[in-house]
Amino acid sequence: MSYQAEYIWIDGTKPFPQLRSKTRILADGKTPPIWGFDGSSTNQAPGDNSDCVLNAVFQCPDPIRGGDNILVLCEVLLPDRSPHPSNTRASCVATAEKYASSEPMFGIEQEYTLFKDGRPYAWPEEGFPGPQGPYYCAVGFDNVGYVRPLIERHTQACIDAGLKIEGTNAEVMKGQWEFQIGVCTVPEIGDHLWVARWLLERLGEDYGISVSFDAKPIKGDWNGAGAHTNFSTNATRAGWDAIIAACEALGTKVEEHIAVYGEGIKDRLTGAHETAPWHTFSYGTSDRGASVRIPWQVAIDKKGYIEDRRPNANIDPYQVAERIIETVCGAAAAK
Ligand code: ADP
Ligand code: MN
Ligand code: MN
Ligand code: MN
């Protein structure tokens, strides 16, 4: 029997790329071949030279269609098979290979905001819901609305696809949620996160709910949406000195990191709402107002991982992982 392969790729839309996908029916036993698309419709090519190439880099069972059907995450190549300018995965892979002996691992907490009828999900038609306080990790219709069917289905879909989803929770702003992906190698962290994002947007269609990865979807006294990036190497997993060295290294490259930590980061990292101001750098144990937090368990064990709290919900995980590896592993290698 033939099966369906959903080819998924990241487009060239600025400032935040859009996920795109199309379906290919393949004969039983045939592996997904290289494919192409019209880059002039995805901000990836001019109309007079529009062909872009899809190269399969990660595949998993399609948890929505079931059966033998699969999801195929692709990187975008130019017709000469070199990486397209929008393809950030290729250089991420190269950097990860360069520092493979450090065995970097990542876990990302993906926050996002659900929208229906142009406003955050379960917000009143007029005005605002009650102030923040009861919504984080909440239960109950007044707090979360009728949204569990989507959350539950997305979580199960990630599990069925074999993605390394670790958990979910309702967030501080009403209508905002989080799922975590980890602990992953590189580029696995980016592959799993992008497919989990695609599944969320795709399942949202079934419920008439849309997904926003905007870093500050509602201005004012409402939390922004981040993508806390947790990171370790074989050295930080072995001892405290490497934890401190990693924090110190991050502090030497603030501008370089902020540059890839997501569009609108200066609006989100204001110093309020559990953030540190974007232009400063600080780290501390259990400190949710610091740029980088050392989790309490790590401070007790004197080894483990650190949490960079700065990345926005709208990051490209390939760029963030590459930047962190370059800074932290680069500094360790230079010693
Ligand atoms: P919190 O909300 O308290 O910041 P979460 O439970 O949401 O914490 O997320 C913890 C994150 O830490 C997860 O994404 C997980 O993958 C990550 N993590 C745990 N151990 C490691 C490790 N050794 N290296 C990298 N990331 C890790
Ligand atoms: Mn979390
Ligand atoms: Mn969170
Ligand atoms: Mn966190």
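Two strands are said to pair if DSSP finds at least two bridges between them. In this predicted model, strand β6 and strand β11 (residues 227–232) meet this condition, pairing in the antiparallel sense over six bridges. Within that pairing, methionine 105 has serine 232 of β11 as its bridge partner.

Strand β6 has further partners. Seven bridges join β6 to β9, and these two strands also run antiparallel. Here phenylalanine 106 is matched with cysteine 184 of β9. Strand β10 (residues 210–212) pairs with β6 in the antiparallel sense as well, over three bridges; the bridge partner of threonine 113 in β10 is serine 212. Strand β7 (residues 119–120) is joined to β6 by two bridges, again antiparallel, and lysine 116 has arginine 119 of β7 as its bridge partner. The connection from β6 to β7 is a hairpin with two residues between the strands. Aspartate 117, in this turn, has a positive phi of about 55°. Strand β6 is mostly covered, since ten of its twelve residues are buried. In a regular strand, side chains alternate between the two faces of the sheet.

Strand β6 also contributes to the metal sites. The manganese ion (ligand 3) has three protein donors, namely Glu111 (OE), Glu171 (OE) and Glu178 (OE), which lie 2.1 to 2.2 Å from the ion. Along the chain, these donors follow the spacing E-x59-E-x6-E. Two of the residues belong to distant parts of the chain: glutamate 111 is in strand β6 (residues 105–116) and glutamate 178 is in strand β9 (residues 176–184), 67 residues apart. Burial is defined as a relative accessible area under 20%. Glutamate 111 therefore counts as buried, with a relative accessibility of 8%. Glutamate 178 is likewise buried, because its relative accessible area is 5%.

The manganese ion (ligand 2) is coordinated by Glu109 (OE) and Glu178 (OE) at 2.2 Å. This pair also links distant parts of the chain, with glutamate 109 in strand β6 and glutamate 178 in strand β9, 69 residues apart. At 15% relative accessibility, glutamate 109 counts as buried. Glutamate 178 bridges the manganese ion (ligand 2) and the manganese ion (ligand 3), and the two ions lie 3.8 Å apart. Strands β6 and β9, which hold donors of the manganese ion (ligand 2), are the strands joined by seven bridges.

A further element examined was helix α5 (residues 240–251), which has twelve residues. The helix reaches 17 Å from its first C-alpha to its last, close to the 16 Å expected at 1.5 Å a residue. Its buried residues are Ile243, Ala246, Cys247, Ala249 and Leu250. Viewed down the axis of α5, the buried residues fall within an arc of 160°, so they line one face of the helix. These residues pack against several other elements of the chain. The helices among them are α6 (254–260), α8 (296–301) and α9 (317–334). The strands are β12 (283–285), β13 (292–294) and β14 (306–308).

Definitions and conventions:
Residues numbered from 1 in each chain as written. Chains lettered and ligands numbered in written order. Predicted model: local features only at pLDDT ≥ 70, side-chain atom pairs only at ≥ 80, totals over all residues. Heavy atoms only, no water. Donors = N, O, S within 2.8 Å, 3.2 Å for Na, K, Ca; no water. Helix = DSSP H or I, 4+ residues; strand = E, 2+ residues; numbered from the N terminus. Buried < 20%, exposed > 50% of the residue type's maximum accessible area, 1.4 Å probe, protein only. Expected span 1.5 Å × (residues − 1). Arc of directions from axis to C-beta. Contact = heavy atoms within 4.5 Å.
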